[in-house]
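Ready for some practice? Work through each exercise on your own, then check the steps below it.

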2 protein chains.
Amino acid sequence: MREMRRKDKEIGTDEAIKLLTSCEYGVLSTVDNEEQPYGVPLNYAYKDNCIYFHCALTGHKINNIKDNPKVSFCVVGETKILPSEFATNYVSAIAFGVASEVQGTERYNALVWLLEKFSPEFVEEGKRHIEKKDKATKVIKIKIQHISGKKEPAK
Amino acid sequence: MREMRRKDKEIGTDEAIKLLTSCEYGVLSTVDNEEQPYGVPLNYAYKDNCIYFHCALTGHKINNIKDNPKVSFCVVGETKILPSEFATNYVSAIAFGVASEVQGTERYNALVWLLEKFSPEFVEEGKRHIEKKDKATKVIKIKIQHISGKKEPAK
């Protein structure tokens, strides 16, 4: 991957992963076979260098991923506009990776990781919900190949 | 553009534009010439069916846009996790369009629109800031060709 232009604003991999672990949603960027990019927000769970999300069986992002599994995933932490400085404070991370559908145990585990992240007090009910929606749900994994993060103000 | 799968969750163009007008930042999705998507957050201003942002003279997004000006731009409004429902309420809009660098009056106007949006009480100081940073700044316009929006819960 290319290096970041502003090295002074770069955060370390650990900090980028911490942000990725804590954010509620990120924007998945994919591209179709006519080279039209598509960015869409989604809830996700991070685990062991992978990002997991679920979606319907068909749709724009699934079509794009089938044609080209290369994706990027962007999360943004707290932001604060500084009107008098013509600047914004923020922290963000961008992961690059390859998306693929997962099955079996990994698929089930990923759905439980999503439950544990978003519905920690309803995990048992959630498992019944998983069963109910099982045939209408795809689970996608993004295996992260590179992650970078940026913080403003610079260190 | 392809139609949205879940028509029941679709919001109208007016509502999507309203969201685009009010959000502080969006994620710009571009693609490089090796078909690697790249999504990056940025502050922007919306005006007359166009999205304007400024950036440094060089960098990842500028390189991508030079090779392929087709982009998508995603904004997300308020989100609310509903743990017991295994769902999230949110509103989002995705614009598809073509990016190009702007010059002259349009360039200056766009920088002032950004000032008026983010630094409404410091517009005059901001104009001096624009002058100071003039040679280090590119201004990019995304001419929107299509915009769609989605709201959860469905209407």
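A residue is called buried when its relative accessible area is under 20%, exposed when over 50%, and partly exposed in between (1.4 Å probe, protein chains only). This is a predicted model, where local features need pLDDT of at least 70, side-chain atom pairs count only at pLDDT 80 or more, and totals for chains, interfaces and linings use all residues. Residues are numbered from 1 along each chain as its sequence is written, chains are lettered from A and ligands numbered from 1 in the order in which they are written, and side-chain values use heavy atoms, with hydrogens and water left out.

**Exercise 1. Work out how the two copies are related.**

Step 1. Start with the general idea: two copies of a chain are related by a rotation about an axis and a shift along it.

Step 2. Now put in the values: chain A lands on chain B after a rotation of 180° with 0.0 Å of shift along the axis, with an RMSD of 0.0 Å. The fit is by least squares on the C-alpha atoms of residues with pLDDT of at least 70 in both copies.

Step 3. The two copies are thus related as by a two-fold rotation axis.

Step 4. Find the axis in the picture: in chain A, the residue that comes closest to it is A:Ser29, with its C-alpha at 3.0 Å.

**Exercise 2. Describe the interface between chain A and chain B.**

Step 1. Count the residues: 46 of chain A are in contact with 46 of chain B. Contact means heavy atoms within 4.5 Å.

Step 2. Check which surfaces meet. 100% of the interface residues of chain A are also interface residues in chain B, so the copies meet through the same surface.

Step 3. Look at the area: about 4000 Å² is buried between chain A and chain B, and carbon and sulfur atoms give 62% of that. Buried area is the accessible area (1.4 Å probe) that two parts lose on being put together, summed over both.

Step 4. List the suppliers. Elements of chain A that each give at least two residues to the side touching chain B include strand E2 (25-31), strand E3 (37-43) and helix H2 (60-67). The largest share, seven residues, comes from E6(A). Helices (H or I, at least four residues) and strands (E, at least two) are DSSP runs, numbered from the N terminus.

**Exercise 3. Place B:Ser72 in its surroundings.**

Step 1. Find B:Ser72 in strand E6 (residues 70-82) of chain B.

Step 2. Is B:Ser72 buried or exposed? At 0% relative accessibility, B:Ser72 counts as buried.

Step 3. Go through its neighbours, not counting residues up to four places away in sequence: among them are A:Gln36, A:Pro37 and A:Tyr38 from one chain, and B:Val27, B:Leu28 and B:Ile94 from the other.

Step 4. Pick out a link across the chains: the side chain of B:Ser72 reaches the backbone nitrogen of A:Gly39 at 2.9 Å.

**Exercise 4. Track down salt bridges.**

Step 1. Set the rule: a salt bridge is a side-chain nitrogen of Lys or Arg within 4 Å of a carboxyl oxygen of Asp or Glu.

Step 2. How many salt bridges are there over all chains? The search of the whole structure finds 14, while the rule finds zero across the interface of chain A and chain B.

Step 3. Try A:Lys138 and A:Glu101, whose side chains meet in a salt bridge at 3.2 Å, N to O. This pair links distant parts of the chain, with A:Lys138 in strand E8 and A:Glu101 in strand E7 of chain A, 37 residues apart. A:Lys138 counts as buried at 15% relative accessibility, whereas A:Glu101 is partly exposed at 37%.

Step 4. Now take A:Lys127 and A:Glu124, another salt bridge, at 3.5 Å, N to O. They sit three residues apart in helix H4 of chain A, so about one helical turn separates them.

**Exercise 5. Spot the unusual backbone.**

Step 1. Recall that most residues other than glycine have a negative phi, and most peptide bonds are trans.

Step 2. Check phi: A:Asp48 has a positive value of about 50° although it is not a glycine. A:Asp48 lies in the loop between strand E4 (45-47) and strand E5 (50-55) of chain A, and it counts as exposed at 64% relative accessibility.

Step 3. Check the peptide bonds: the one from A:Glu152 to A:Pro153 is cis, with omega near 10°. A:Pro153 is in the segment after strand E8 (138-152) of chain A.

Note on methods: Polar contact = N/O pair within 3.5 Å; in protein donor to acceptor, adjacent residues only side chain to side chain.
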